[in-house]
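Please open the model in your viewer and keep a selection panel at hand. The stops below are meant to be taken in order, each beginning with something to select.

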Amino acid sequence: MIVEKAILAVITTKEEQVGGGAPIFICTSQEELELFSTNLEAIMDGIAHRLSDEVYIIVKH
Amino acid sequence: MGIESYLNAILFGVVAGTLARLITLRSDYRQYPTYLHGRIIHLSLGFIAASLGALAIPALLELEFTAVTFLTLAATQFRDVRNMERNTLTELDQFELVSRGSTYIEGIAISFEGRNYLVMFTAFLTSLAYIAWGWFPSTVVGMLSIIAALSFMSGSTLRDIVEIEESAISFDGAGLYVDNIYIMNIGLEERQEEILKYGMGFILKPKNMNVIATISNLGQRQAILHDVSVTLGIYKDSGTPALTPLIKRDLDDGRLGVFILPLVHDAELAKKVIGSVPVLENAIKMPSEATFLKGGKK
């Protein structure tokens, strides 16, 4: 099986909502969350998707 | 009949055939084949095809029936042309910002093969006409076959099968929409602003049932995106997958939502470009031709 998409990172301000295999970045404010997501998107060549206002994921397509 | 007139017949055939290839070989906005080497390859192959076609009639008249078997050689040869084109284009496709997609590539490869056969027929008919009627009718037949070859070349374009309308793009939370069609999830505000600034949306309304099946083909959709980004430019670089033009489908009625990021922001021009995208042979479906629906043979 070829996995085409993968979650490369999870960025959140709500620690209790996330867990699992991907690297998790816990931020303290909304601004930090945006900044982390922007940087990670650029570094990983992925797309930052918003699951909710508190949880962002970086996905490789 | 003397060897002289055979030579002339072959000459006429070869010239008409090569001319046909020259005329059907066009480098347009796709820039393929590129000047100059690509053209030389295809002109040479066209010349070979023309020679094979022109030789057939004299060979038959001399009762050299086995000589006709070399036509099978031609078929093998031209199938290789198709393979060659397919391999080259597939290799190059990885380095396109917006890829052509294999359906488009196959379409291009098929037409390269097909045009060689047209060249062969042109040469065949021209030499036949020369032997049967002389040089003048042969010239006329040559010209007619070239015209016929040209008419075989032109397929239909999207303009014939869909209505194209400009539509606003909008965000509902993180979801990007063209009209009411969901395109993708864009998380970052910054990206969303970029997309609202550079993005454009279009809705393609199918004109009938057959068209719904044809435009739902992923290869056809990729061809639209490729052609648009080649002609109008693209606001994207490697490593920015969030800035990817996409086409999604409205499941209810088969309309397509086209989201593009052109450098040239001109809606009328974009409509024209989308309208001129060829309908890919491999994408065409005809559900209405199903015989079991018409009450014919099952």
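Where in chain A is A:Asp45 found? Select A:Asp45 and its flanking elements, and you will find this residue in the loop between H1 and E3 of chain A. Bear in mind from here on that this is a predicted model. The phi of A:Asp45 is near 55°, which is a positive value in a residue other than glycine. Most residues other than glycine have a negative phi. With 15 other C-beta atoms within 10 Å, A:Asp45 counts as partly exposed.

**The contact between the chains**

Keep chain A shown and add chain B, where 12 residues of chain A are in contact with nine residues of chain B. On the side of chain A that touches chain B, the elements giving two or more residues are helix H1 (30-44) and strand E3 (47-50) of chain A. Coloured by class, that side of chain A has three nonpolar, five polar and four charged residues.

**The two domains of chain B**

Now hide chain A and colour chain B by its division into domain 1 (3-154) and domain 2 (159-284). The C-alpha centres of domain 1 and domain 2 of chain B lie 36 Å apart, and the contact between these domains takes 12 residues from domain 1 and 17 residues from domain 2. If you select the domain 1 side of that contact, you will find five nonpolar, five polar and two charged residues.

**The open sheet**

Next, select strands E1, E5, E6 and E7 of chain B, which form an open sheet in the order E1-E5-E7-E6 with antiparallel pairing. Strand E1 (162-167) and strand E6 (246-249) of chain B each have a single partner strand and stand at the edges, so one side of each is left without a neighbour in the sheet. From one strand to the next, the twist averages 20°.

Within this sheet, look at strand E5 (residues 200-206) and strand E7 (residues 256-260) of chain B, which run antiparallel and are joined by five bridges. B:Met200 can serve as a marker here, since the residue that stands opposite in E7(B) is B:Ile260. Then add helix H10 (residues 267-275) of chain B, which lies across E1, E5 and E7 of chain B and runs at about 150° to E1(B).

For a single residue in this region, select B:Glu166, which lies in strand E1 of chain B. Is B:Glu166 buried or partly exposed? B:Glu166 is partly exposed, because 14 other C-beta atoms lie within 10 Å, whereas a buried residue would need 20 or more. Leaving out residues up to four places away in sequence, B:Glu166 touches B:Phe202, B:Ala267 and B:Lys271. The C-alpha atoms of B:Glu166 and B:Met200 are separated by 8.0 Å, although these residues are 34 places apart along the chain.

**The nonpolar cores**

Which residues have the most contacts inside the largest nonpolar core? Select B:Phe202, B:Leu204, B:Ile224, B:Val228, B:Val258, B:Ala270 and B:Ile274, which hold that position in a core of 50 residues. Helix H9 (residues 218-232) of chain B gives the most to this core, with five residues, and the core draws at least three residues from each of domain 1 and domain 2 of chain B.

To follow the packing from one point, centre the view on B:Ile274, which, apart from its neighbours within four places in sequence, is in contact with B:Leu158, B:Ile164, B:Phe202, B:Ile224, B:Val228 and B:Val258. A second, separate core of 29 residues can be located through B:Ala49, B:Ile57, B:Met120 and B:Val141, which are among its members.

**Two successive hairpins**

Finish with strands E2, E3 and E4 of chain B. Strand E2 (residues 169-172) pairs with E3(B) in the antiparallel sense over four bridges, and B:Ser170 has B:Tyr177 as its bridge partner in E3(B). The hairpin of E2(B) and E3(B) has two residues between the strands, and B:Gly173 takes a positive phi near 70° there.

Strand E3 (residues 175-178) of chain B has a covered face, B:Leu176 and B:Val178, and an uncovered one, B:Gly175 and B:Tyr177. Four bridges join E3(B) to strand E4 (residues 181-185) of chain B, and these strands run antiparallel; the bridge partner of B:Leu176 in E4(B) is B:Met184. In the loop between E3 and E4 of chain B you will find B:Asp179, which has a positive phi of about 55° although it is not a glycine. B:Asp179 is partly exposed, with 15 other C-beta atoms within 10 Å.

Technical notes: Residues are numbered from 1 along each chain as its sequence is written. Chains are lettered from A and ligands numbered from 1 in the order in which they are written. This is a predicted model: local features need pLDDT of at least 70, side-chain atom pairs count only at pLDDT 80 or more; totals for chains, interfaces and linings use all residues. Two residues are in contact if their C-beta atoms, placed from the backbone, lie within 7 Å. Ala, Val, Leu, Ile, Met, Phe, Trp, Tyr, Cys and Pro count as nonpolar, Asp, Glu, Lys and Arg as charged, and the others, Gly among them, as polar. Two strands pair if DSSP finds at least two bridges between them. Axes are lines fitted to C-alpha atoms, for helices over the stretch in contact, and angles run from 0 to 180 degrees between N-to-C directions. A residue is buried if 20 or more other C-beta atoms lie within 10 Å of its own, exposed if 12 or fewer, and partly exposed in between; C-beta atoms are placed from the backbone. Domain bounds come from an automatic or database domain assignment. A nonpolar core is a set of buried Ala, Val, Leu, Ile, Met, Phe, Trp, Tyr and Cys residues joined through C-beta atoms within 7 Å.
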